[in-house]
Amino acid sequence: MTHQIHIEPLTATAFAPFGDLLDCSGDPDKIINQGLCGRYHDRATLDFADGRAGISLFKAELRSLPYALDLLERHPLGSQAFVPMSHDPFLVIVALDEDGKPGTPRAFLTQAGQAINFHRNTWHGVLTPLSGTGLFAVIDRIGDGANLEEHWLDTPYEVVNGT
(Lines give C-alpha, C1' and ligand atoms only; values in the text may rest on other atoms or scores of the structure.)
Protein backbone atom coordinates (compact mmCIF):
# COMPACT_ATOMS: atom_id res chain seq x y z
CA MET A 1 0.00 0.00 0.00
CA THR A 2 1.30 3.46 -0.92
CA HIS A 3 1.07 6.39 1.49
CA GLN A 4 0.45 9.90 0.21
CA ILE A 5 2.17 13.12 1.19
CA HIS A 6 1.00 16.50 -0.05
CA ILE A 7 3.33 19.18 -1.29
CA GLU A 8 3.60 22.25 0.98
CA PRO A 9 4.84 25.73 0.08
CA LEU A 10 8.47 26.21 1.07
CA THR A 11 8.93 28.78 3.84
CA ALA A 12 11.94 29.49 6.05
CA THR A 13 9.95 28.56 9.17
CA ALA A 14 8.63 25.25 7.82
CA PHE A 15 12.05 24.25 6.47
CA ALA A 16 14.10 25.35 9.53
CA PRO A 17 14.32 21.86 11.16
CA PHE A 18 15.94 20.54 7.96
CA GLY A 19 18.09 23.38 6.67
CA ASP A 20 18.24 26.91 5.32
CA LEU A 21 16.00 28.56 2.75
CA LEU A 22 18.08 30.74 0.45
CA ASP A 23 16.21 33.63 -1.15
CA CYS A 24 16.14 37.40 -1.41
CA SER A 25 13.21 38.07 0.90
CA GLY A 26 13.26 41.30 2.85
CA ASP A 27 15.74 44.11 2.45
CA PRO A 28 19.34 43.32 1.53
CA ASP A 29 21.91 43.31 4.33
CA LYS A 30 24.25 45.54 2.35
CA ILE A 31 24.19 47.63 -0.80
CA ILE A 32 27.36 47.13 -2.85
CA ASN A 33 28.78 47.70 -6.35
CA GLN A 34 28.27 51.44 -6.52
CA GLY A 35 24.78 51.12 -5.05
CA LEU A 36 23.54 48.81 -7.81
CA CYS A 37 23.55 45.45 -6.01
CA GLY A 38 21.87 44.20 -2.85
CA ARG A 39 23.84 41.61 -0.91
CA TYR A 40 21.81 39.09 1.11
CA HIS A 41 24.66 38.07 3.36
CA ASP A 42 25.57 34.65 4.80
CA ARG A 43 22.24 32.89 4.14
CA ALA A 44 23.38 29.29 4.73
CA THR A 45 25.26 27.48 7.46
CA LEU A 46 27.82 25.30 5.72
CA ASP A 47 28.86 22.58 8.16
CA PHE A 48 31.60 20.04 7.46
CA ALA A 49 33.17 17.50 9.79
CA ASP A 50 36.41 17.86 7.83
CA GLY A 51 37.35 18.31 4.21
CA ARG A 52 36.48 21.49 2.36
CA ALA A 53 33.59 23.18 0.58
CA GLY A 54 33.36 22.45 -3.12
CA ILE A 55 31.04 23.53 -5.91
CA SER A 56 29.82 20.87 -8.32
CA LEU A 57 27.25 20.96 -11.10
CA PHE A 58 24.40 18.43 -11.17
CA LYS A 59 22.24 17.85 -14.25
CA ALA A 60 19.20 15.91 -13.08
CA GLU A 61 16.48 14.29 -15.16
CA LEU A 62 13.10 16.00 -14.87
CA ARG A 63 10.48 14.19 -12.78
CA SER A 64 6.69 14.46 -12.77
CA LEU A 65 3.82 14.32 -10.31
CA PRO A 66 2.61 12.19 -8.77
CA TYR A 67 6.15 11.28 -7.72
CA ALA A 68 6.98 7.88 -6.23
CA LEU A 69 9.29 8.35 -3.22
CA ASP A 70 11.12 5.15 -2.35
CA LEU A 71 14.57 6.40 -1.27
CA LEU A 72 15.87 8.95 1.23
CA GLU A 73 19.50 9.76 1.86
CA ARG A 74 21.62 11.84 4.20
CA HIS A 75 25.16 13.13 4.45
CA PRO A 76 26.67 12.67 7.93
CA LEU A 77 29.89 14.59 7.20
CA GLY A 78 28.56 17.77 5.65
CA SER A 79 25.74 20.07 4.68
CA GLN A 80 24.59 20.23 1.07
CA ALA A 81 23.19 23.28 -0.77
CA PHE A 82 21.24 23.13 -4.04
CA VAL A 83 21.10 26.29 -6.14
CA PRO A 84 19.06 25.97 -9.33
CA MET A 85 20.67 27.55 -12.39
CA SER A 86 17.25 28.49 -13.78
CA HIS A 87 14.15 30.10 -12.27
CA ASP A 88 12.22 26.84 -12.26
CA PRO A 89 10.79 25.45 -9.02
CA PHE A 90 11.86 22.05 -7.77
CA LEU A 91 10.57 19.51 -5.27
CA VAL A 92 12.32 19.21 -1.90
CA ILE A 93 11.60 16.15 0.27
CA VAL A 94 12.88 15.89 3.85
CA ALA A 95 12.33 13.83 6.99
CA LEU A 96 13.39 14.08 10.60
CA ASP A 97 15.57 11.32 11.99
CA GLU A 98 13.80 8.70 14.12
CA ASP A 99 16.30 6.34 15.77
CA GLY A 100 18.66 6.31 12.79
CA LYS A 101 15.95 6.06 10.14
CA PRO A 102 13.88 8.70 8.34
CA GLY A 103 10.55 9.60 9.90
CA THR A 104 7.48 10.61 7.93
CA PRO A 105 8.60 12.66 4.94
CA ARG A 106 7.46 16.17 4.09
CA ALA A 107 7.47 17.60 0.58
CA PHE A 108 8.00 21.27 -0.32
CA LEU A 109 7.89 23.09 -3.63
CA THR A 110 10.33 25.94 -4.12
CA GLN A 111 9.41 29.16 -5.85
CA ALA A 112 11.44 30.75 -8.62
CA GLY A 113 14.56 32.31 -7.10
CA GLN A 114 14.74 29.98 -4.07
CA ALA A 115 17.54 27.58 -3.20
CA ILE A 116 18.03 25.32 -0.17
CA ASN A 117 20.79 24.09 2.09
CA PHE A 118 20.28 20.78 3.91
CA HIS A 119 21.81 20.66 7.37
CA ARG A 120 24.36 17.94 7.93
CA ASN A 121 22.74 14.53 8.55
CA THR A 122 19.28 15.58 7.32
CA TRP A 123 17.28 12.86 5.58
CA HIS A 124 16.21 14.06 2.13
CA GLY A 125 14.95 12.84 -1.20
CA VAL A 126 17.03 12.88 -4.35
CA LEU A 127 17.26 15.96 -6.56
CA THR A 128 13.79 16.33 -8.08
CA PRO A 129 13.36 19.05 -10.71
CA LEU A 130 9.82 19.18 -12.09
CA SER A 131 10.49 21.56 -15.00
CA GLY A 132 13.27 23.51 -16.66
CA THR A 133 16.83 22.38 -17.24
CA GLY A 134 17.52 20.27 -14.15
CA LEU A 135 20.84 22.10 -13.81
CA PHE A 136 21.99 22.95 -10.27
CA ALA A 137 25.10 24.28 -8.57
CA VAL A 138 25.71 22.15 -5.48
CA ILE A 139 27.88 23.32 -2.61
CA ASP A 140 28.90 20.44 -0.37
CA ARG A 141 31.76 18.66 1.36
CA ILE A 142 34.72 17.42 -0.64
CA GLY A 143 36.93 15.02 1.29
CA ASP A 144 37.67 11.47 2.38
CA GLY A 145 35.21 9.26 4.24
CA ALA A 146 31.74 7.88 3.63
CA ASN A 147 29.38 10.86 3.34
CA LEU A 148 26.31 9.12 1.95
CA GLU A 149 23.79 6.96 3.77
CA GLU A 150 20.78 5.65 1.82
CA HIS A 151 17.53 4.31 3.22
CA TRP A 152 15.15 2.45 0.90
CA LEU A 153 11.54 2.64 2.07
CA ASP A 154 9.62 -0.61 2.56
CA THR A 155 6.45 1.18 1.48
CA PRO A 156 6.87 4.04 -0.98
CA TYR A 157 5.11 7.37 -0.67
CA GLU A 158 3.22 9.05 -3.47
CA VAL A 159 3.94 12.78 -3.53
CA VAL A 160 0.99 14.78 -4.86
CA ASN A 161 -0.03 18.41 -5.29
CA GLY A 162 -2.30 20.17 -2.83
CA THR A 163 -3.36 19.64 0.76
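**Entry 1: terms and Gln111**

Strands here are DSSP runs of E, at least two residues long, numbered from the N terminus. I am working on a predicted model. I looked up Gln111 and found it in the loop between strand 11 (106-109) and strand 12. I then asked how accessible Gln111 is. Its relative accessible area is 49%, so I noted Gln111 as partly exposed; the partly exposed class runs up to 50%. I also checked what lies across from this loop in space. The C-alpha atoms of Gln111 and Asp88 are 7.4 Å apart, with the two positions 23 residues apart in sequence numbering.

**Entry 2: the five-stranded sheet**

I traced an open sheet of five strands and wrote down the order 2-12-7-15-5, with antiparallel pairing. Its edges are strand 2 (19-22) and strand 5 (52-59), each of which pairs on one side only. Averaged over neighbouring strands, and ignoring direction, the turn between them is 20°. As background, strands of a sheet pair through backbone hydrogen bonds, either parallel or antiparallel.

I went through the pairs in this sheet.

- Strand 2 runs antiparallel to strand 12 (residues 115-118), and I counted four bridges between them. Here Gly19 stands opposite Phe118 of strand 12.
- Strand 7 (residues 80-84) is joined to strand 15 by five bridges, again antiparallel. Phe82 has Val138 of strand 15 as its bridge partner.
- Strand 5 is joined to strand 15 by eight bridges and is antiparallel to it. The bridge partner of Arg52 is Ile142 in strand 15.

Is strand 15 mostly covered or mostly open? I found it mostly covered, with six of its eight residues buried.

**Entry 3: nonpolar cores**

I looked for buried nonpolar clusters next. In soluble globular proteins, nonpolar side chains tend to be buried together. The largest core in this model has 16 residues, and the members touching the most others are Phe15, Phe82, Val92, Val94, Phe108, Ile116 and Phe118. At least two residues each come from helix 1 (12-15), strand 8 (90-95), strand 12 and strand 15 (135-142). Which of the elements gives the largest share? I found strand 8, with three residues.

I listed the contacts of Ile116, leaving out neighbours within four places in sequence. They are Leu10, Phe15, Asp20, Leu21, Leu22, Gln80, Ala81, Phe82, Phe90 and Val92. Another core, of 13 residues, lies apart from the largest one, and its members include Ile5, Trp123, Leu153 and Val159.

**Entry 4: strand 6**

I checked the burial of strand 6 (residues 67-74). Six of its eight residues are buried, so this strand is largely enclosed by the rest of the structure. Strand 6 pairs with strand 16 (residues 149-160) in the antiparallel sense, over seven bridges. I noted Trp152 of strand 16 as the bridge partner of Leu71.

**Entry 5: cavity**

How many cavities of 30 Å³ or more does the whole structure hold? My search gave one. I put the space in the largest cavity at about 40 Å³. I listed its lining residues as Pro84, Ser86, Asp88, Pro89, Phe90, Pro129, Ser131, Gly134, Leu135 and Phe136. Two of these names recur in my notes: Asp88 was set against Gln111 above, and Phe90 is a contact of Ile116.

**Entry 6: backbone exceptions**

I scanned the backbone angles for outliers. Most residues other than glycine have a negative phi, and most peptide bonds are trans. I found a cis peptide bond joining Leu65 and Pro66, with omega about -5°. Pro66 belongs to the loop between strand 5 and strand 6.

Asn33 is not a glycine but has a positive phi of about 55°. I placed Asn33 in the loop between strand 3 (30-32) and strand 4 (37-39). Asp99, also not a glycine, has a positive phi of about 55°. Asp99 sits in the loop between strand 9 (97-98) and strand 10 (101-102). Asp99 has a relative accessible area of 81%, so I recorded it as exposed; the cut-off for exposed is over 50%.

**Entry 7: Asp144**

Where does Asp144 lie? I located Asp144 in the loop between strand 15 and strand 16. I entered Asp144 as exposed because its relative accessible area is 73%. Outside its neighbours within four places in sequence, Asp144 is in contact with Asp50 and Leu77. I also took its C-alpha distance to Gly51, which is 7.1 Å across 93 residues of chain.

Definitions and conventions: Residues are numbered from 1 along each chain as its sequence is written. This is a predicted model: local features need pLDDT of at least 70, side-chain atom pairs count only at pLDDT 80 or more; totals for chains, interfaces and linings use all residues. Side-chain values use heavy atoms; hydrogens and water are left out. Two strands pair if DSSP finds at least two bridges between them. Axes are lines fitted to C-alpha atoms, for helices over the stretch in contact, and angles run from 0 to 180 degrees between N-to-C directions. A nonpolar core is a set of buried Ala, Val, Leu, Ile, Met, Phe, Trp, Tyr and Cys residues joined through side-chain atoms within 4.5 Å. Buried means under 20% relative accessible area, exposed over 50%, partly exposed in between (1.4 Å probe, protein chains only). Contact means heavy atoms within 4.5 Å. On a 1 Å grid over the protein atoms alone, a cavity is a set of points where a 1.4 Å probe fits but cannot get out, and a pocket is an open set with protein on both sides within 12 Å along at least five of seven lines; lining residues have an atom within 4 Å of a point. Grid points are joined across faces, edges and corners, and a volume is the space filled by probe spheres set on the points.
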